[in-house]
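I opened this model to look up how its nonpolar residues group together and how its aromatic rings pair. My entries follow in the order in which I checked them.

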Amino acid sequence: MKFSIGGSLKLAFRPWVEGLENIPARGPAILASNHLSFSDSFFLPAVLDRKVTFIAKAEYFTAPGVKGKLTAAFFKGVGQLPVDRSGARGAGEAAIRAGIQVIESGGLFGIYPEGTRSPDGRLYRGKPGGLARVALATGAPVIPVAMIDTEKIQPPGQVIPKLMRPGIRIGKPLDFSRYHGMDGDRFILRSVTDEVMYEIMKLSGQEYVDIYATAAKRQLADEAKRRSEAAKKTDGDSA
C-alpha cells in the first residue's frame with residue numbers, strides 16, 4: 001500500500017527532492033523534519049525507497065465503523081505507528097519508546113522536533129525530548145530534512161489539497177555518538193536539539209523563532225480572541 005500511495009502522490013504532485021544520497025540504503029537512522037502540513041508525513045515517505053515510520057495518535061487506528069477501518073488501513077499503509085497518549089507523561093514517553101523500537105529494528109524513524117505544525121510557516125524551537133533522547137539512547141545518526149511549501153498545499157483546516165509541487169531537502173547525517181548514553185542530561189539534550197534545528201533552518205530557509213510552536217499557537221489564539229472581543233465591543237458601541 002505504501003508504494004501505491006507514494007506513486008499516486010508523486011504522479012499528482014511531482015515533488016522535487018534534493019539530497020536523496022544522504023539516506024542510507026540500509027540500517028537505522030532518524031529523519032528530523034520541520035512540520036508545515038498534515039501531508040508532510042506522506043510526501044517524505046513517497047520519495048524514499050525505504051519505509052519511514054512516523055508516530056500517530058492511537059485514535060486514528062481504533063475509530064469504529066467502515067470509515068475507521070479505512071483510516072486505520074491508510075495510516076498503517078503509509079508507515080504510521082499508533083501511540084497511546086494516556087499515562088502520566090502522555091505521548092512524549094510513548095513516542096520515545098516507539099522511536100527506540102524502530103531504530104533497534106534497523107528502520108528509519110521520522111520525527112518532528114517542533115512537536116506540532118508551524119502556525120505561520122516559520123521554524124520554531126525544537127523540543128529537547130523525543131528526538132535527542134532517541135538519538136542518544138540508540139546512537140543512530142540524525143538526518144535533517146526540510147519540507148518546502150507543503151503548507152501551501154494543505155493549510156491547517158483545509159481538507160482538499162491544492163495541486164502544486166512541494167519540495168524536500170535532505171541534509172547530511174549528524175553524528176551524536178559522542179553523547180551516546182547521556183540521554184538523561186538536559187543540557188546535552190538541548191544542545192543536540194538546537195544543532196539539528198539549525199541544520200533544518202539552513203535547509204528550509206525559514207525564519208527561526210526561539211519559542212515553542214505550541215506557545216506561538218496560544219499567543220495567536222489569544223490575539224484572535226482579543227480582536228474578536230474588541231470588534232464585538234465596537235459593534236455594540238455603534239449600535
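I began with the largest nonpolar core (buried Ala, Val, Leu, Ile, Met, Phe, Trp, Tyr and Cys residues joined through side-chain atoms within 4.5 Å; buried means under 20% relative accessible area with a 1.4 Å probe, protein chains only), and found that it has 25 residues, with Ile30, Val142, Phe176 and Val196 making the most contacts inside it. Among the elements that each supply at least two residues of this core are strand S2 (29-33) and helix H8 (186-204) (DSSP runs, helices being H or I of at least four residues and strands E of at least two, numbered from the N terminus), and H8 gives the most, with six residues.

I noted that this is a predicted model, in which local features need pLDDT of at least 70 and side-chain atom pairs count only at pLDDT 80 or more, while totals for chains, interfaces and linings use all residues. Residues are numbered from 1 along each chain as its sequence is written, and side-chain values use heavy atoms, leaving out hydrogens and water.

I then listed the contacts of Val142 (heavy atoms within 4.5 Å), leaving aside neighbours within four places in sequence, and they include Ile30, Phe176 and Val196. Apart from this core lies another, of 21 residues, including Phe13 and Ile153.

Turning to the rings, I found three aromatic pairs (centres within 6.5 Å; planes under 30 degrees apart are stacked, over 60 edge-to-face, the rest tilted). Phe13 and Phe43 are edge-to-face, at 5.2 Å centre to centre and 90° between the planes, and both are buried. Phe54 and Tyr112 have centres 5.4 Å apart and planes at 20°, so I recorded that pair as stacked.

Note on methods
Buried means under 20% relative accessible area, exposed over 50%, partly exposed in between (1.4 Å probe, protein chains only). Rings of Phe, Tyr and Trp (its six-membered ring) pair if their centres lie within 6.5 Å; planes under 30 degrees apart count as stacked, over 60 as edge-to-face and the rest as tilted.
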